[in-house]
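Hi everyone, thanks for coming along. I have one structure to walk through this morning, so let's put it up on the screen.

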Amino acid sequence: MAKIKLTKNEQKAQKDSLKMYQRYLPTLTLKKQQLQTEIRTIDAKAKAVRAQRAQLEKEFKVWISVFGEEDAFTPDMVTVRNIRKGTGNIAGVNIPVYEGADFARGDYDLYATPLWIDMAADRMEKALSLDLEASVLDEQVRLLSRELRTTTQRVNLFEKVKIPEAKQNIKKISVYLGDQQVSAVVRSKISKKKIDARNAAAEQAKGAAV
């Protein structure tokens, strides 16, 4: 703990600091709770998107195997050309928002490939889109988690360090100033008694001289 001045000005400064900490702490605590809720929500959404992606892949494999031409479709037939992202804001944190993607399809001989290739390409685009969406959701969680760590540190700093420290400082200064006031009163009474004693002695000496 830093050394403080035992003065009325320092006492006022400590009281002002305490009020500020107590005013901001509820806001920080609320932000912490909001971030925790949002992270859980987004994480659940990312898991749901990945589950949808896994189910799509499972159905895709079964669907292709029905035709007995599994080797006819290759992943490089569909590529991501552009990812569209917007910007959102949660608890003061800017986050990317997935808005879709544009895909490109490789050249293939319409006569040499099965008729279902175009349908397979559509499914592949859907699968890639789900992968991209999950990736953006992961980025949201990463950014919000970073802000949560910072906010939690501030909550702990105010709650466990700054507020108790300010209260302790105020108490220490109050005790010191109280002791000083008592000492001043005692000194004043002693000084008054001495003055009264001198005055009485002077009066006695004056009476004896007469």
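I'll go from the overall layout to the cores, and then to a handful of individual residues.

Before anything else, please keep in mind that this is a predicted model. The protein chain averages a pLDDT of 85, and 77% of the residues score at least 70. Confidence is highest in strand 2, at 94, and lowest in helix 2, at a mean of 84.

So, the layout. The protein chain has 2 helices and 2 strands, and if you read along the sequence the pattern is α-β-β-α. Among the contacts with a separation of 6 or more, 77% are between residues 24 or more positions apart. Of the 210 residues, 30% are buried. The exposed surface of the protein chain is about 14,400 Å², with carbon and sulfur atoms supplying 54% of it.

Now the inside. As a general point, nonpolar side chains in soluble globular proteins tend to be buried together. Here, the largest nonpolar core has 18 residues, and Ile42, Ile90, Ile95 and Leu144 have the most contacts inside it. Which elements each supply at least two residues of this core? They are helix 1, running 8-67, strand 2, at 93-105, and helix 2, at 117-209. Helix 2 gives the largest share, 8 residues.

If you want one residue to click on, try leucine 144. Not counting residues up to four places away in sequence, leucine 144 touches Leu35, Glu38, Ile39, Ile42, Ile90, Val93 and Ile95. Apart from this core lies another one, of 11 residues, including Val78, Phe103, Leu128 and Leu132.

Let's move over to the two helices and how they meet. How many aromatic pairs does the count come to? The count is 1. That pair is tyrosine 21 with phenylalanine 158, and the arrangement is tilted, with 5.1 Å centre to centre and 55° between the planes. Tyrosine 21 is in helix 1 and phenylalanine 158 is in helix 2, 137 residues apart, so the pair links distant parts of the chain. Are these two rings buried or exposed? Tyrosine 21 has a relative accessible area of 13%, so it counts as buried, and phenylalanine 158 is buried as well, at 15%.

A little further along from that tyrosine, arginine 23 lies over the face of tyrosine 24, at 5.2 Å from the ring centre.

Glutamine 14 is also in helix 1. With a relative accessible area of 12%, under the 20% cut-off, glutamine 14 counts as buried. Its contacts, leaving out residues up to four places away in sequence, are Ile4, Ala166, Asn169, Ile170 and Ile173.

For contrast, take glutamine 33, which is placed in helix 1 too. Glutamine 33 is partly exposed, at 44% relative accessibility. Its C-alpha atom is separated by 9.7 Å from that of threonine 152, a residue 119 places apart from it along the chain.

There is another long-range meeting at leucine 177, in helix 2. The C-alpha atoms of leucine 177 and leucine 6 are separated by 7.4 Å, although the two are 171 residues apart along the chain. Setting aside neighbours within four places in sequence, leucine 177 is in contact with Leu6, Thr7, Lys8 and Gln11.

Last stop, the strands. Most residues other than glycine have a negative phi. Alanine 91 has a positive phi of about 55°, although it is not a glycine. Where does alanine 91 lie? It is in the loop between strand 1, at 78-90, and strand 2. At 18% relative accessible area, alanine 91 is buried.

Proline 96 then lies in strand 2, and at 17% relative accessibility it counts as buried. Leaving aside neighbours within four places in sequence, proline 96 is in contact with Lys85, Gly86, Val136, Glu139, Gln140 and Leu143. Its C-alpha atom is separated by 9.8 Å from that of arginine 84, 12 residues apart along the chain.

That's the tour, so do feel free to bring up any of these on the screen and have a look. Thanks for listening!

Conventions: Residues are numbered from 1 along each chain as its sequence is written. This is a predicted model: local features need pLDDT of at least 70, side-chain atom pairs count only at pLDDT 80 or more; totals for chains, interfaces and linings use all residues. Side-chain values use heavy atoms; hydrogens and water are left out. A nonpolar core is a set of buried Ala, Val, Leu, Ile, Met, Phe, Trp, Tyr and Cys residues joined through side-chain atoms within 4.5 Å. Buried means under 20% relative accessible area, exposed over 50%, partly exposed in between (1.4 Å probe, protein chains only). Helices (H or I, at least four residues) and strands (E, at least two) are DSSP runs, numbered from the N terminus. Contact means heavy atoms within 4.5 Å. Rings of Phe, Tyr and Trp (its six-membered ring) pair if their centres lie within 6.5 Å; planes under 30 degrees apart count as stacked, over 60 as edge-to-face and the rest as tilted. A charge sits over a ring if NZ of Lys or CZ of Arg is within 6 Å of the ring centre and within 35 degrees of the ring normal. Accessible areas come from the Shrake-Rupley method with a 1.4 Å probe; for residues, only the protein chains shown count as cover. pLDDT is the predictor's confidence in each residue, from 0 to 100.
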